Amino acid sequence: MSSTKQRVCVIGSGNWGSAVGKIVAQNVQNFPDLFEQEVRQWVFEEDYNGEKLTEVINREHENVKYLKGIKLPHNIVAVPDVVEASKGANVLVFVLPHQFVRGVCEKMKGHVAHDARAISLIKGLDILPEGITLFSEEIGRILDINCASLSGANIADEVAQEKFCETTIGCRSVEDGETFFKLFHTPYFRVNVIRDYVGVELCGALKNVVAVGAGLSDGLKYGSNTKAAIIRRGLMEMRKFGKTFFGGVESETFFESCGVADLITTCSGGRNRKVAEAFVTSGKPIDVLEQEMLNGQKLQGTLTAAEVHEFLTARKMVDEFPLFNTVYRVIYEGAHPESIVRDI
């Protein structure tokens with residue numbers, strides 16, 4: 001194969017990672033002069049009915065555990081070792097839980113191609129009292145490469161079923177943006193590339209806090225008008241947060257798929273809304289609901305609400321973000337759920 005062809009590696013293989021792997025593996029076939037045809041996907045090895053999950057995926061061409069019923073292209077190959085999967089890769093697609101990013105990148109360091117570039121599909125931020133780190137920046141720092149971001153109103157099962165939706169790619173490099181467009185754009189997965197990668201990532205994380213607020217409203221049976229008000233106020237606080245703490249974040253980004261569209265989708269469905277509704281109706285604490293409803297996985301919205309509150313407290317700016325603050329107080333301080341309309 002020509003050395004100018006790009007080798008693509010997908011890092012992660014859950015529900016969303018498998019749906020994305022399907023898109024990427026299909027699209028490289030449309031550009032045989034640009035991409036090598038084999039797409040390696042790092043799969044965290046698990047047991048599935050007495051077999052290794054990677055072996056089942058490669059035989060059945062289906063992630064039977066996380067995306068059952070959806071056939072994957074034959075040119076995608078599941079690899080259990082992340083170093084082997086990413087060896088010599090020019091294009092890295094990160095779509096894994098954010099808590100594994102640093103460890104995985106440290107293992108990959110020195111094994112990817114010298115001209116590699118990456119894109120992060122991870123919805124979350126690393127928020128500490130002293131500052132906020134974007135995962136695209138963390139990936140870029142550890143691997144010493146440029147890293148773009150992708151986020152949008154993209155429910156994995158619907159994308160895998162090829163139901164129409166839009167997504168947003170934030171990328172500083174025009175050349176890299178063109179590559180990522182070819183890698184992700186399809187008639188059913190409509191891509192728009194913008195330069196504001198910071199705004200794209202912020203939207204993907206902060207919308208989960210707003211979705212918790214929407215879920216509290218649903219639990220109280222407040223109806224569509226109330227939820228619309230929470231969504232609108234949440235969007236305003238998301239924009240204010242981005243423009244206050246990050247230079248260069250553009251207002252237009254919040255009207256992309258990564259912004260208002262993803263916010264609407266998450267506040268209409270999604271785990272953050274669903275668990276927050278149960279928090280009101282059941283009276284059970286969040287950690288119990290996580291065990292019962294999410295098989296022990298952590299809820300992103302409540303975690304981000306706590307991190308945002310700590311960050312704002314350190315700057316004495318909590319009162320400037322009343323919706324974010326109210327979500328935090330209801331979940332962590334025992335404030336009555338009705339505060340979601342009374343105190344915002």
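Here are some notes on the pockets, the cavities and a few residues of this predicted model.

1. Start with the largest pocket. Its volume comes to about 1,900 Å³, and 50 residues line it. If you want to find its centre on screen, look for Asn-15, Trp-16, Pro-97, Arg-271 and Gln-297, the lining residues that lie nearest to it.

2. Which elements give two or more residues to the lining of that pocket? They are helix 1 (15-28), helix 4 (101-108), helix 6 (156-160), helix 8 (197-219), helix 10 (257-268), helix 11 (270-282) and helix 13 (300-314). Helix 11 provides the largest share, with 5 residues.

3. As for the chemistry of the largest pocket, its lining splits by class into 21 nonpolar, 19 polar and 10 charged residues.

4. Now for the enclosed spaces. The count is 2 cavities of 30 Å³ or more. The largest cavity has a volume of about 40 Å³, and the second largest holds about 30 Å³.

5. Around the largest cavity you'll find Ser-120, Ile-122, Lys-123, Ser-149, Leu-150, Ser-151, Val-200, Glu-201 and Gly-204. Strand 10 (146-151) and helix 8 each put at least two residues into this lining. Sorted by class, the lining has 3 nonpolar, 4 polar and 2 charged residues.

6. The second largest cavity has a lining made of Ala-305, Val-308, His-309, Leu-312, Val-318, Phe-324 and Asn-325. Here helix 13 and helix 14 (322-332) each supply at least two residues, and helix 13 gives the largest share, 4 residues. How does this lining divide by class? There are 5 nonpolar residues, 2 polar ones and no charged ones.

7. Lys-207 deserves a look of its own. An unreviewed UniProt entry carries the annotation "active site" for Lys-207, and the residue sits in helix 8. Helix 8 has come up already, as one of the elements giving two or more residues to the lining of the largest pocket and as a supplier of at least two residues to the lining of the largest cavity.

8. Is Lys-207 buried or exposed? Lys-207 counts as buried because its relative accessible area is 6%, and the cut-off for buried is under 20%. Setting aside neighbours within four places in sequence, Lys-207 is in contact with Lys-123, Met-238, Asp-262, Leu-263 and Thr-266. One of these, Lys-123, also belongs to the lining of the largest cavity. The Lys-207 side chain makes a polar contact with the side chain of Asn-208, at 3.3 Å.

9. Helix 5 (residues 135-143) is mostly covered, with 7 of its 9 residues buried. The buried ones are Phe-135, Ser-136, Glu-138, Ile-139, Gly-140, Ile-142 and Leu-143. Right after helix 5 comes Asp-144, and its phi is positive, near 60°.

10. Last, have a look at Val-341 in helix 15 (residues 339-342). Val-341 is classed as partly exposed because its relative accessible area is 38%, and that class runs between the 20% and 50% cut-offs. Leaving out neighbours within four places in sequence, Val-341 is in contact with Tyr-222 and Thr-226. Val-341 and Thr-226 are 115 residues apart along the chain, with 7.9 Å between their C-alpha atoms.

Definitions and conventions. Residues numbered from 1 in each chain as written. Predicted model: local features only at pLDDT ≥ 70, side-chain atom pairs only at ≥ 80, totals over all residues. Heavy atoms only, no water. 1 Å grid on protein atoms, 1.4 Å probe; cavity = no way out; pocket = protein on both sides within 12 Å on 5 of 7 lines; lining within 4 Å. Points joined across faces, edges and corners; volume = space filled by probe spheres on them. Nonpolar A, V, L, I, M, F, W, Y, C, P; charged D, E, K, R; others polar. UniProt positions renumbered as here; feature names shortened; annotations may be inferred. Buried < 20%, exposed > 50% of the residue type's maximum accessible area, 1.4 Å probe, protein only. Contact = heavy atoms within 4.5 Å. Polar contact = N/O pair within 3.5 Å; in protein donor to acceptor, adjacent residues only side chain to side chain.
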